[in-house]
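Let's take a walk through this model together, one stop at a time. Here it is.

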Amino acid sequence: MRRTAAVLTICLMAAGIGIVTPASAEDWPQFRGPNASGIAADSTNPPLTFSVEENVAWSVELGRGVACPIVVDGRVYATTMTEDAKFAVLGFDAVTGEQLWKTEYETGELPEITPPNEHASSTPACDGETVFVHFSTIGLIALDATDGTERWKHLLPMPFYLMGWGAANSPIVYEDMVIFNLDDDLNPYLIALDKETGSIRWETPRPDMLGGYSVPVLCTADGRTDLVVAGTGKLKGYDPATGGELWTCNSLLRTIMTSPVVHEDRIYLSLQSYGDTSRVLKYALLQWRDTNQDGKLEKSELESAFHDKFDKGDADQDGFLIDDEIDAAFQSSENMAGGGNIIQSIRGGGSGDVTESAMVWSLENKAPSNIASPLAYDGRLLVVKKGGISAAFDLVDGSTIWQKKRVRNFGNYYASPIAAGGRIYVPGENGQIVVLEAGPDLKLLAKNDVGDSIIATPAIANNRLYVRTLNKLYCFAEDMP
Amino acid sequence: MRTGSSVLLQAAIALSVIVWGTVTGAAEHVTVVVGPQAPRIEQYAAEELAGQFGRLFRDVDVSVASTIPADAQYVVLIGSPKTNPAVRDAARSSWPEVSDQGLVIQSLSGDRDTLIVGGGSPVATLWAAYELGHRLGVRYLFRGDIYPGEQRDLNLTGHVVVMEPELRVRTWRTVNDFAVGPESWGLTDHRAFLRQLAKMKFNRVMLSVYPWHPFVTYEFGGVRKETSLLWFGEQYPVDGDTVGKKVFRGARLFENPDFAGIETPQEMTTAGIKHLQGLIDAAHQLGMSVGISISPLEFPREFQSVLPGSRVGNSLNQLTIVPAAEQGPTDETLIELVKSKISAYVNTYPEIDRLYLTLPEFPEWDQHADEAIEILKPHAAPGSLDLENLITRAAERKLIASGSRGKQAIRGNLVGLAFLRTLFSDETLLKRPDGKTLGLVITSVDPALFPVLDRLVPQQAETLNFVDYTARRVAENRELLKDVPAENVGSQLIITLADDNVGILPQAATQSIGTLMSDLKQLGWQGFSTRYWVPAELDPSVYFLARSAWEHDLTPRDAQTELWTTTTGNAAAAERLFIAWEQLEKATELIDRHDLGFAFPVRGMLMKHYVPEPIPDWWQEVTDAQTQYMIELYRAHGAINGGANPLLFYYAKRSEYALEYLGAVKAIREAALAKDQGDPESAIAHLEQALELTYNCINTLSDVAQDQSDRGLIAVLNEYAYRPLLAEYEKLIDGD
C-alpha cells in the first residue's frame with residue numbers, strides 16, 4: 001500500500017520553517033495502517049513529545065467521532081457527525097491540514113449505540129484514488145480521494161446488536177476489491193465489492209457469528225494469500241478472490257472486538273470476552289435483555305429486528321424463549337463459544353479444520369484487552385488493557401517477556417498501540433499517549449497529553465503522528481516552530 | 001427552553017405571530033389566549049403551554065393571542081376570570097372556588113373546542129399549564145423534560161381538574177456549601193434548574209448562605225467584613241495530571257463560572273451580590289418567593305476584635321467566630337452586631353420575601369442556658385421549660401445530637417432562642433426598604449423544644465425544623481413530629497434528599513421521604529424544605545416529593561412506577577428501575593447506619609480509611625447493593641429507546657463510579673493492613689489497585705458529567721482522594 005510521491009517541500013506557516021517530506025511517501029491506508037498492523041515501517045523519527053501546544057503541525061475541530069484517521073498520498077481522511085443526523089467524510093492536506101473537501105450524507109434515523117461508540121465509527125480505507133467508508137444506516141460509500149465526489153454507494157442492511165453496541169466495522173482494500181466484514185447479531189456477512197463500480201464480487205454469510213468488530217487481515221503462507229477474519233469462536237481463512245472458506249481454527253471466544261495482527265506467516269490474537277468458557281450468549285441475554293427477570297425472553301424484550309430469529313428459536317411456540325431456545329435463536333449450536341482470556345499464535349494457510357494443526361502457541365492469560373488490539377513489533381507481542389497494564393510475549397514461542405507492568409497511565413484503553421522508529425505509542429482514553437521504547441524491558445520514554453479523549457487509534461505516516469481525539473484531529477511532528 | 005421576555009411576548013401577542021409546532025400536512029390551529037393585561041407570569045404560562053402543545057400534538061400550529069379569533073376551532077384560555085376576560089366569559093358560573101394555589105383545567109363544550117388553563121393566582125396558572133403537560137405525558141425532571149415518544153392527535157376535551165396542594169409550602173434550598181453542590185453553579189445553571197422546579201410546582205426558594213460567603217458586606221465597630229469565600233476557601237487546581245480534566249475544558253482551576261478569575265475579596269463580593277440577586281430575580285420571575293437563610297450567631301473571624309471573648313466556631317477551615325461565655329443572651333454588642341448583619345442582607349437584597357435565621361448546628365454558645373430559660377419562661381406554658389428535663393430528653397433520644405452533644409445542643413439552642421426573642425423586640429429589623437415586612441422563619445429549634453415551639457419563636461415567625469441528618473433517621477424518630485403544635489405555628493420540615501455526611505456516593509431516601517410526607521399531611525404541617533448537595537440521583541425522590549405535595553395518598557412506589565413507566569414506555573423496565581432505587585436506598589441506609597461521614601467531601605475523605613482495622617462486613621453489603629443497582633440500571637437502559645435513555649446511562653455510569661470508589665476504599669484498608677503487618681510489597685500492590693480504582697471512578701464520572709455539581713465532584717475527588725493517595729503510594733515506593 002506504499003505509494004511513491006514526488007519530493008515535496010512545503011513551507012509551513014508564515015514563519016517559514018519547513019518540513020520536508022521524504023522522497024518516498026508513506027501511507028496509513030486503513031484501520032491501524034498497513035494490514036491493520038499498527039506499524040509505520042518507513043517512519044524513523046516520529047514525534048516523541050507533543051501536546052496541544054508542543055509539536056503541533058496542525059489541528060482541526062472535527063466534531064465527534066471515533067473512526068481512525070488514515071493517510072494516503074499526502075492526504076488525511078477522517079469522518080465525523082456534523083449534525084445529529086448528518087455524517088461527513090473529510091479530506092485534508094497531510095502536511096498543512098488544509099481542508100480539501102467535505103462530503104456530507106443525511107443519515108436518517110440513527111440506531112441506539114452505547115458510548116464510547118459514536119455514529120462516526122467506521123475507519124475509511126483508501127487506495128489513493130478512492131476513499132471507502134461504511135455508515136450504519138447507509139452502507140458502503142466510495143468517494144473520489146481528490147475532491148470527495150461520490151463515485152458509488154452500495155446500500156447495505158443496517159446492523160443490529162443484541163447488546164445495543166452499534167456499528168463500528170471498517171473496510172479494507174485488496175487488489176481491485178473493497179472487502180468488508182460485518183459481524184452483527186442479525187445477519188453477519190463478509191462481502192467484496194468491485195472498487196471501481198461498487199458491484200458485488202462475492203458475498204459470504206457468516207451465520208455462526210455474533211456481533212463483533214474484527215477487521216480482516218491478509219496472511220501469506222506457503223505462497224498463498226488468505227483473507228483472515230476473527231469472529232465468534234473461530235478464526236477463518238477465506239480465498240480473497242471468491243470469498244470461499246479455506247480453513248477454520250476453532251479456538252476463539254464468544255465476543256471478538258480486537259483485530260488480529262500478522263507477522264510473517266503467523267496470525268496473532270489477543271482476546272478477552274466476559275465470563276468463563278461456559279458463558280455462552282444466552283447468559284448475557286438473560287442477564288441484560290430479560291428485562292422483567294422472569295428467566296425467559298419475550299419478544300417485547302428484543303428489538304423488532306430480532307423477531308424473526310425469535311420465532312425461529314421458539315420451538316414450542318409459547319411466545320417465550322427458554323434455555324436451549326435462546327441458543328437456537330441467536331447462537332449457532334455449532335459454535336457455542338464462551339468467555340475467557342487468550343493470546344494465540346496461529347500459523348496461516350492450510351485447509352479445513354486447522355484448530356490443532358495450525359496452533360503454534362496458546363496462552364490463557366488475563367493480559368488481553370477486550371477492545372485494544374495487540375501489536376506485533378520488534379519480536380514481541382504487546383498488549384495493553386484497562387489500567388494501563390501491559391504484557392509482552394515472545395512472538396516465536398509465546399514466552400512471557402513481562403506482564404502486569406503499568407505504562408504509568410491509568411484509565412481505559414480503546415485505541416490500540418502503534419509503532420514506528422523503535423517507539424511504541426499507547427493511547428489512553430484519558431488523552432494521554434504514552435511512548436515506550438521498543439525493547440525487552442518496559443521503558444517509558446514520554447507521556448503526552450492531547451487534552452481530549454482518544455478512542456480512535458492514531459495513524460503514523462512520514463514521521464507525523466495523526467491523532468483523532470473525540471472532537472479534534474491533530475497532526476504532531478517534531479522540528480516544528 | 002424559551003424565556004419569558006415579556007416585551008417580546010407582548011409584541012408577538014399583538015401580532016399573533018408566535019407559532020409553535022412543525023406542520024407537515026393539514027394542520028390544526030390552536031390559539032392560546034392570554035388576557036391583554038395579563039400578569040407577566042400568565043404570559044409566560046401561555047408561551048410555555050404553546051411550546052408544549054407544539055411538541056405533544058402532531059400536525060398542529062399554535063399561536064398566542066389576546067383575543068379569540070372568530071374562526072378559531074381550538075382555543076386554550078389562560079388565566080382566571082380576574083386576569084383574562086375570555087376566561088370570564090367562557091367560564092361564567094363554572095369557575096370553581098380555588099385558593100391562590102388552586103389549579104383549574106377545564107374543557108368546555110360549544111362551537112369550538114375550548115380548554116381553560118388557569119388558577120387562583122398567576123403562578124397557579126403557570127402550574128396549571130405544567131399540570132396539563134404532566135397529564136399529557138410530559139415528565140419534568142432536573143435536567144429537562146422527557147416527552148412521550150410519539151406525538152398524539154390534538155384533543156382538548158375531557159379535562160376536569162381542580163387541584164389544591166396538600167402542602168402549601170414547597171421549598172427548594174440552594175447555594176449551600178461544598179463544591180459538589182449548588183454553591184458551584186453559575187446563574188445560568190441556577191436559572192435552568194429553577195425553571196424545572198417551577199414545573200414541579202415548588203413555590204419557595206431558600207438561599208442558604210454562610211458567614212464566609214461573598215454575598216454581603218457589613219461593618220461593625222470599625223471592622224468591615226472582608227472574608228469572601230466559596231467552598232470554605234478551598235481551591236481545586238486542574239493540571240496535566242488531573243483525572244477527568246476534559247470536563248474543565250482547559251481551565252486551570254475549578255471555579256463557579258460567575259466568579260471565574262476573580263482574586264480580591266471586593267471583587268468576589270461584587271460578583272457574589274450580582275449572582276445572588278440574579279437568583280432572586282430568576283425565582284421571582286417564575287412566581288416563587290425567596291428567602292435568605294443565615295446563621296445570625298456566626299461571623300467571619302475579622303469580627304473577633306469587636307466581640308471580646310468570642311471563640312472560633314466549629315466550621316471547616318475555622319472561618320468563623322461565635323459568641324462565648326462573655327456574651328449573654330441580652331448582650332448589647334452582640335445584638336448590635338447581629339442587627340448590622342441582618343440589615344446588610346435586607347438592604348442588599350431589598351426584594352427578598354423572608355429571612356431564615358438558623359440556630360447553630362454546633363451550639364458552642366451554651367454557657368447561659370439558665371438565663372435563657374428565664375427569658376423564655378414567660379412565653380411558655382408553666383412547667384414546660386424545665387432545663388434538667390430538657391437536657392435529659394436531649395441526652396437520651398436516638399438522634400445524632402444525643403448524649404453530650406444532645407446536652408450541648410439543647411443548652412445552646414435555648415440560649416440562641418432567648419437571644420432571638422431579645423433581638424426581635426426591635427420590630428423594625430424585618431422592615432424592607434420599601435416598608436414591607438419580611439417573613440421570618442426560625443430554623444433548627446431543638447426537637448426537645450417542639451412541644452412549645454409556638455411559644456418560643458418570635459410572634460408571626462414560621463419554623464423550619466431539623467430533626468436529624470438523613471430522612472431515614474428522621475423517619476425512625478417520627479414520633480417527634482407529633483410534638484410540634486402545627487396548628488399554632490407555621491411548621492416546615494427539612495427533608496434530606498441526600499446527605500453530605502453519607503457523602504458523595506449516589507444516594508436515595510425515597511421510602512423514608514414517603515413516610516415523612518405522609519406524616520406532614522396528617523399532622524397539618526405547612527410543608528417542607530429540601531436538603532441535598534449532588535442532585536444526580538434525586539430525580540425519583542424529587543418527583544415523588546413534588547407530586548406527593550398535591551396528592552394525598554400517593555406512595556413512593558406508585559410515583560416511581562408511574563414516572564418510569566411514562567418516561568421509558570416499558571413497564572418491565574419501570575419495575576427494574578424501582579428495584580434499582582430500592583437497592584440504592586439500601587446502600588444509602590447501610591452507610592447511614594454504620595458510618596455517617598463515610599464519604600464526607602473534605603480533606604482526608606479517602607485516606608481516613610487507611611488504617612489497619614478489620615474490613616467491616618457491611619462494606620460488602622453496600623457493594624452488593626450498589627452492584628445490583630448498576631445491573632438494574634443497565635438492564636432497563638438496554639430495554640428502552642428514546643427520551644429516558646441518556647438519563648439512565650448517566651445514572652448507570654455513576655453507579656460504576658460508586659463501585660470503583662468502594663473498591664478503592666477497600667483496597668486502601670487492605671494496604672493499611674498489609675503495611676501494619678510488615679508487608680510493604682503487598683501494601684504497595686493494594687495502593688496501586690486503590691489508585692487505579694480511584695482514577696477509574698473519577699474518569700467514569702467525567703464520561704457523563706453534566707453539570708457543575710458533577711464537575712465539582714471530579715475536582716473534589718482529585719484534590720481529596722486521588723492526589724493524597726498518589727502521594728502515599730509514591731512515599732511507599734520510595735521506601736520512605
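Is Asp73(A) buried, exposed or partly exposed? Keep in mind that this is a predicted model. Asp73(A) has 17 other C-beta atoms within 10 Å, and because being buried takes 20 or more and being exposed 12 or fewer, it is partly exposed. You will find Asp73(A) in the loop between strand 4 (70-72) and strand 5 (75-83) of chain A. Its phi is positive, about 50°, although it is not a glycine.

Lys201(B) also has a positive phi, near 70°. This residue sits in the loop between helix 5 and strand 11 of chain B. Lys201(B) counts as buried, because 26 C-beta neighbours lie inside 10 Å. Most residues other than glycine have a negative phi, and most peptide bonds are trans. Back in chain A, the peptide bond from Pro115(A) to Pro116(A) is cis, with omega near 10°.

Next, look at helix 6 of chain B, residues 265-285. Its 21 residues should span 30 Å at 1.5 Å a residue, and the end C-alpha atoms are indeed 30 Å apart. Among its buried residues are Thr269(B), Gly272(B), Leu276(B) and Ala283(B). The buried residues cover an arc of only 165° around the axis, so they lie on the same side of helix 6 of chain B. They pack against helix 5 (187-199), strand 11 (204-208) and strand 14 (289-294) of chain B.

Finally, see where the chains meet: 20 residues of chain B are in contact with 17 residues of chain A. Helix 19 of chain B gives the most to its side, with six residues. That side divides into seven nonpolar, seven polar and six charged residues.

Technical notes
Residues numbered from 1 in each chain as written. Chains lettered and ligands numbered in written order. Predicted model: local features only at pLDDT ≥ 70, side-chain atom pairs only at ≥ 80, totals over all residues. Contact = placed C-beta atoms within 7 Å. Helix = DSSP H or I, 4+ residues; strand = E, 2+ residues; numbered from the N terminus. Nonpolar A, V, L, I, M, F, W, Y, C, P; charged D, E, K, R; others polar. Expected span 1.5 Å × (residues − 1). Arc of directions from axis to C-beta.
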